[in-house]
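Trainee: Could you walk me through reading a fold, feature by feature? I would like the general idea and then the case at hand.

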Amino acid sequence: MNYKNLPCGCMMQWDDEETVLVFCNRHTVEYVRWEGTDRDFIKKIATPKGAKIDKRSLVEMQ
């Protein structure tokens, strides 16, 4: 299983079958209020502010 610790404190783990995301305190609160898709939220927190994530990287993280 691949994993990445994000600067905010969130932790992502993924393999070919599933993605597990452990939210930091800030993103836990934001997710409760989120009205978009899960994928868009993951993209939001996994992409540094002002940066763009390419589709291939996002697919690899799923």
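**Reading the model together**

Mentor: Happy to. Let us start from one residue: Phe 41 sits in helix α2. Helices (H or I, at least four residues) and strands (E, at least two) are DSSP runs, numbered from the N terminus. Residues are numbered from 1 along each chain as its sequence is written, and side-chain values use heavy atoms, with hydrogens and water left out. This is a predicted model, where local features need pLDDT of at least 70 and side-chain atom pairs count only at pLDDT 80 or more, while totals for chains, interfaces and linings use all residues.

Trainee: Where in the protein chain is confidence lowest, and where is it highest?

Mentor: The score to read is pLDDT, the predictor's confidence in each residue, from 0 to 100. Where pLDDT is low, the predicted coordinates should not be read in detail. Here the protein chain averages 81, and 76% of the residues score at least 70. Helix α3 (residues 55–61) has the lowest confidence, at a mean of 60, and α1 the highest, at 92.

Trainee: Now the sheet, please. What is the order of its strands?

Mentor: In general, strands of a sheet pair through backbone hydrogen bonds, either parallel or antiparallel. Two strands count as paired if DSSP finds at least two bridges between them. In this model, three strands make an open sheet in the order β1-β2-β3, with antiparallel pairing. β1 (2–5) and β3 (19–22) are the edge strands, each pairing on one side only. β1 and β2 pair over four bridges, and Lys 4 has Met 12 in β2 as its bridge partner. Strand β2 (residues 11–14) also pairs with β3 over four bridges, and there Gln 13 is partnered by Val 20.

Trainee: How many residues lie between β1 and β2 in their hairpin?

Mentor: Five, and Gly 9 in that turn has a positive phi of about 115°. The hairpin of β2 and β3 has four residues between the strands.

Trainee: Which side chains of β2 are buried?

Mentor: Buried means under 20% relative accessible area, exposed over 50%, and partly exposed in between (1.4 Å probe, protein chains only). Along β2 the side chains alternate: Met 12 and Trp 14 are buried and point to one face, whereas Met 11 and Gln 13 point to the other and are not buried.

Trainee: How do α1 and α2 pack?

Mentor: Axes are lines fitted to C-alpha atoms, for helices over the stretch in contact, and angles run from 0 to 180 degrees between N-to-C directions. The axes of α1 and α2 are 12 Å apart, at an angle of about 150°. That makes α1 roughly antiparallel to α2 (angles over 145 degrees count as such, under 35 as roughly parallel, 65 to 115 as roughly perpendicular and the rest as oblique).

Trainee: What kind of aromatic pair do Tyr 31 and Phe 41 form?

Mentor: Rings of Phe, Tyr and Trp (its six-membered ring) pair if their centres lie within 6.5 Å; planes under 30 degrees apart are stacked, over 60 edge-to-face, and the rest tilted. The structure holds four such pairs. Tyr 31 and Phe 41 are edge-to-face, at 5.1 Å centre to centre and 65° between the planes. Tyr 31 lies in helix α1 (residues 25–33) and Phe 41 in helix α2 (residues 38–46), so their pair ties together parts 10 residues apart in sequence. Phe 41 is buried, at 1% relative accessible area, while Tyr 31 is partly exposed, at 31%. Phe 23, Tyr 31, Trp 34 and Phe 41 form one aromatic cluster.
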